[in-house]
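Good morning, colleagues. I should like to take a few minutes to introduce a structure that is new to many of you. Please have the view open as I speak.

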Amino acid sequence: MPYPEKYRYTKDHEWIRADGGVATIGITDYAQHELGDVVFVELPKPGAKIEAGKSFGTVESVKAVSEIFAPASGEVMEANAALNDAPEKINSDPHGAAWLIKIRLANPAELSALMDAAAYEAFIADKGKEASA
Amino acid sequence: MTERIKKASRHTNQSEGLIFEKSSPGKRAFELPPLDVPLADPAKALGALHRSAGVEGFPEVSEIEVIRHFTRLSTWNYAIDLGMYPLGSCTMKYNPRVNEFVARLDGIATEHPCQPQELSQGCLKILRQLEKCLLEITGMDAITLQPAAGAQGELTGLLLIRAYLEKKGNPRKKVLIPDSAHGTNPATAVIAGYEVENIKSESHGQIDVEKLREIVTEDVAALMITNPSTLGIFEERIAEIAGILHAKGALLYMDGANMNALAGVARPGDLGVDVMHLNLHKTFSTPHGGGGPGAGPVATKRSLEPFLPVPVLVERPDGKLALESQRKDSIGKVRAFAGNFGVLVRALAYILAYGPGIRQATEDAVLNANYIRKHLEGVYDLPYSLPSMHEVVFSDSIQKKNGVNTMDIAKRLIDYGFHPYTTAFPLIVPGALMIEPTESESKEECDLFIDAMRAIAEEAATNPQIVKTAPHTTRVGRLDEVTAARKPILRWKSASRTEAAD
Amino acid sequence: MRYLPKSPAERQQMLAAIGANSIDELFSEIPERFRLREALSLPGPLSEPEIIAYFKDRAAENSVGYTSFVGAGVYNHVRSVVTDAILQRGEFLTSYTPYQAEIAQGTLQAIFEFQTLMCQLTGQEIANASMYDGSTATTEAVLMAERLTGRRHVLVARSVHPEYRLVLRTYAKNSGLQVEEIPYVAAVGTVDTAALKAAIKADVAAVVVQSPNYFGAIEPVAALAGEVQASGALLVVAVAEAVSLGLIRPPAEADIVAMEAQSLGLPPSYGGPFAGVIASREKFVRQMPGRLAGQTTDGNGRRGFVLTLATREQHIRREKATSNICTNQALCALAATVHMCLLGKEGLREIAHQNFSKAQFALAELEKIPGVKRAFSAPFFNEFTIELPRSVRIVNAHLVREKIIGPLAIGSDFPELSKRGLVCVTETAPRTEIERFVAALRRALEQPI
């Protein structure tokens with residue numbers, strides 16, 4: 001799956017897309033692949049404040065739980081309700097329909113520290129090399 | 001495939017639905033003697049509290065249906081009575097039948113924990129005898145038999161440490177836990193009110209003593225060590241580790257899950273351990289019964305005795321035993337009454353059968369593990385090469401090259417008539433195969449296991465598909481755990497009488 | 001040694017295959033100074049007949065031949081021999097936790113049936129595969145409520161079993177949970193709802209009552225629920241006498257039920273092993289501790305069962321687990337399952353009715369004795385509190401001489417309730433024994449002080 005140009009990426013495999021002062025956050029195709037079949041997602045409620053670099057929720061597969069780390073700080077406006085009944089969307093459409101939360105950005109400048117699509121693709125390619133070394 | 005498999009492995013294909021699916025009004029499996037007092041009217045005394053109808057959905061079946069139902073279900077289970085469970089850190093040894101017999105005796109099974117202590121001297125003597133035996137085996141000074149399982153024992157141990165440190169003025173903040181530890185260790189530390197600080201194992205899989213020296217501060221309450229480690233390797237520097245902790249006023253907690261490598265050979269108390277728990281359902285043969293009950297006694301050095309949970313067993317001046325509940329420094333209670341008494345009885349029966357010869361069991365356990373290791377080294381990758389004690393940990397890295405992982409190998413082992421070994425633990429070995437045969441396995445059974453594992457390694461190289469899609473001979477194949485987690489169905493409901501078992 | 005399947009020759013062969021000269025070599029990693037040179041000082045070795053003799057001698061030093069009227073959280077009920085016949089099957093007794101579902105379907109289906117029966121019994125939507133016992137189930141239910149509400153204050157009725165309350169306080173001390181006790185109404189024996197109402201504040205996570213409570217009295221669960229839940233707290237109801245649910249309305253309004261299943265097929269066994277259960281609402285499942293068996297299918301569409309929602313548990317979540325529980329009480333839960341299937345719908349109703357009738361009969365006979373009366377007015381099931389004109393302990397000393405274990409004195413746990421004792425009468429007490437007990441009590445009270 002190609003990594004959308006307009007997104008920014010973290011080392012923990014989250015993506016973020018900013019639209020003015022509002023941003024949408026999800027996890028990458030690499031992350032969903034590592035996790036395996038997703039069975040449950042735990043997300044914060046609207047109004048909750050999240051802080052860049054800190055965990056704001058979890059994604060669960062049958063045998064593992066992964067924390068999701070905030071790419072940027074802000075206030076949660078919406079959590080993706082579709083994931084309650086269909087968490088498997090994260091496996092099939094991690095960059096689109098399976099967005100996790102929408103936030104009002106506290107500090108849009110935080111995004112410039114994140115990787116762009118090309119850098120992220122290089123980052124995970126390196127990881128692939130490490131794993132088979 | 002069939003020619004290579006020397007063990008009988010067919011599972012009965014008996015169909016059997018849920019007991020509720022056999023239910024039909026008017027059937028009964030058990031009858032009571034007739035009531036010999038006037039039948040009281042509950043409606044009058046209870047009013048709205050009265051449950052006038054029977055429990056909705058409760059089964060109505062006959063005695064033979066109950067017997068057949070559960071007998072058929074039992075035939076779908078693997079069990080120690082059938083063959084080896086090479087499960088690392090579980091110590092699946094033989095469950096002696098005399099233990100079952102004595103636990104059921106009139107005067108043992110029938111005793112009520114609140115009955116007068118003068119009428120319970122037999123029970124109290126059993127407890128006292130077991131205490132003395134376990135203290136002798138562990139080399140410790142004081143003990144509680146109260147905890148219901150290993151995890152509860154761990155909690156008790158940490159609460160004792162907390163109480164001891166609190167009495168000295170500072171309970172401290174952190175517990176150090178190796179990254180190779182069993183999941184109950186960190187889970188328990190949190191419940192005991194401590195932060196967990198993980199300490200990475202060094203290149204041989206042992207505690208990194210130099211790193212430990214750096215991180216033990218006056219904020220550290222204890223280190224939780226498993227010895228031998230979850231890799232089955234003895235922590236050679238344990239006395240030094242104890243010294244580092246003690247110098248900073250911290251304590252050494254030992255998870256006794258692997259006592260099957262030490263009983264009769266070495267004593268944790270001599271190694272510098274301050275407090276430890278035992279798993280009676282592991283080392284001391286009490287049956288697993290599909291998941292419990294167990295018992296997790298906690299043994300300590302003298303300094304922690306004042307904090308033991310109540311009641312504490314004491315000997316009175318007249319020689320009688322008593323349970324003492326008034327102890328001002330006690331941490332309280334971790335469960336009602338004195339403990340899983342029925343399990344304690346079984347453990348004592350086991351110890352009495354061996355007596356001082358208990359060392360022989362330990363030696364045979366270590367012999368079996370090393371014999372298996374010798375025959376599988378080179379066939380499976382051995383990530384840590386220090387000598388193994390009662391268990392050995394391989395990895396699936398050789399087989400992984402063909403896309404076969406530890407889970408697949410484990411499932412294929414079922415076709416060869418064995419229960420899988422422990423997969424994916426400890427966490428420090430990716431793709432782990434953790435194998436503990438115990439002393440209950442004969443040379444014949446060990447050889448069959450070795451043959452099976454060697455055959456599977458060959459299959460992984462030449463015919464990986466058969467391993468990846470195993471098991472092939474069980475009544476049900478691999479089950480859909482994903483849907484079970486996404487849309488949990490946790491009970492039968494009468495409305496949804498869909499297809500019964502086919 | 002009969003549990004070790006090796007001959008000396010085989011040991012030699014195996015050592016040779018390993019390349020070791022002696023078994024001691026295999027222990028060389030243990031520093032010399034720690035290796036024991038002598039055998040441990042332990043009793044034995046005993047043969048099978050000697051082991052049996054040892055325990056029979058101990059049994060003879062207990063209460064064989066006595067008739068007991070004590071309940072207090074552990075209940076003497078009839079057990080069918082069928083239960084042990086099934087429990088003793090090696091495939092149940094000696095099998096492991098069902099992590100490898102394909103070869104543990106027997107255990108898993110039995111757990112699924114247990115979970116179902118527990119839901120039916122308690123009127124709740126989901127139930128787990130067992131906790132250690134009623135006291136720890138109650139404690140874990142409170143911790144569950146704490147996680148669900150994010151609050152740190154717990155109100156516990158004083159009419160809850162003293163051992164359950166002590167266990168809760170032991171766990172609570174280290175988790176920052178504040179436990180406050182709510183009094184009971186003196187003449188009635190159930191929780192003081194006015195005091196409870198006054199104590200419920202915005203920081204209360206759970207309110208805990210037991211029904212029937214320690215005094216044997218049935219708590220007004222339905223009436224309490226509304227008040228508790230309106231404040232955002234969760235109502236936890238502990239049940240120590242599961243047979244009561246054959247005759248008493250289940251606590252369906254409770255948010256969490258913490259039950260002790262001992263009454264359903266487990267002998268008293270001097271306090272354990274028993275089987276606790278947590279039953280609750282489906283929406284709380286992810287915060288529920290303990291194992292859960294779920295229904296699913298295999299690749300061929302065949303129905304099967306697996307342990308599910310394991311991400312709540314210690315082996316995956318580690319520090320963040322809902323509980324540290326690993327080994328539970330599976331075989332005890334199986335005993336309860338078999339027992340409930342044997343009793344069935346009608347059998348449970350009948351046994352509950354027999355308990356109720358015998359207790360009513362016993363109370364009526366006891367109240368004929370001058371000075372003996374019931375201490376509380378609330379309805380009861382098979383256990384009640386009586387007040388005597390003199391010390392319960394002294395009366396019991398007389399009763400013991402007649403091989404009767406009489407009312408359990410509660411004055412040490414409840415100083416305001418001196419001269420009161422708990423009396424429990426189950427279906428196992430023949431009328432003649434009840435009458436003998438009453439006559440002996442009457443005689444004991446007639447003795448000079």
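**Helix contact and domain contact**

Let me begin with two helices from two chains. Helix α4 of chain B, residues 121-138, and helix α2 of chain C, residues 48-60, have axes that come within 6 Å and cross at roughly 135°. Please bear in mind that this is a predicted model. Angles over 145 degrees would count as roughly antiparallel; α4(B) and α2(C) are therefore oblique to each other.

Which residues make this contact? From α4(B) they are B:G122, B:K125 and B:I126, and from α2(C) they are C:R58, C:A59 and C:A60. By character, the residues of this contact divide into 3 nonpolar, 1 polar and 2 charged.

I now turn to chain C and its domains. The domain assignment gives domain 1 of chain C as 67-78 together with 344-446, and domain 2 of chain C as 81-339. Taken over C-alpha atoms, the centres of these two domains are separated by 28 Å. The contact between them takes 26 residues from domain 1 of chain C and 24 residues from domain 2 of chain C.

Let us consider the side of domain 1 of chain C that touches domain 2 of chain C. Two elements of chain C, α11 (330-366) and β12 (383-387), each supply at least two residues of that side. Which element gives the most to it? The answer is α11(C), with 7 residues. Overall, the residues of this side of domain 1 of chain C comprise 14 nonpolar, 9 polar and 3 charged.

Thank you for your attention.

Note on methods. Residues are numbered from 1 along each chain as its sequence is written. Chains are lettered from A and ligands numbered from 1 in the order in which they are written. This is a predicted model: local features need pLDDT of at least 70, side-chain atom pairs count only at pLDDT 80 or more; totals for chains, interfaces and linings use all residues. Domain bounds come from an automatic or database domain assignment. Two residues are in contact if their C-beta atoms, placed from the backbone, lie within 7 Å. Helices (H or I, at least four residues) and strands (E, at least two) are DSSP runs, numbered from the N terminus. Ala, Val, Leu, Ile, Met, Phe, Trp, Tyr, Cys and Pro count as nonpolar, Asp, Glu, Lys and Arg as charged, and the others, Gly among them, as polar. Axes are lines fitted to C-alpha atoms, for helices over the stretch in contact, and angles run from 0 to 180 degrees between N-to-C directions. Angles under 35 degrees count as roughly parallel, over 145 as roughly antiparallel, 65 to 115 as roughly perpendicular and the rest as oblique.
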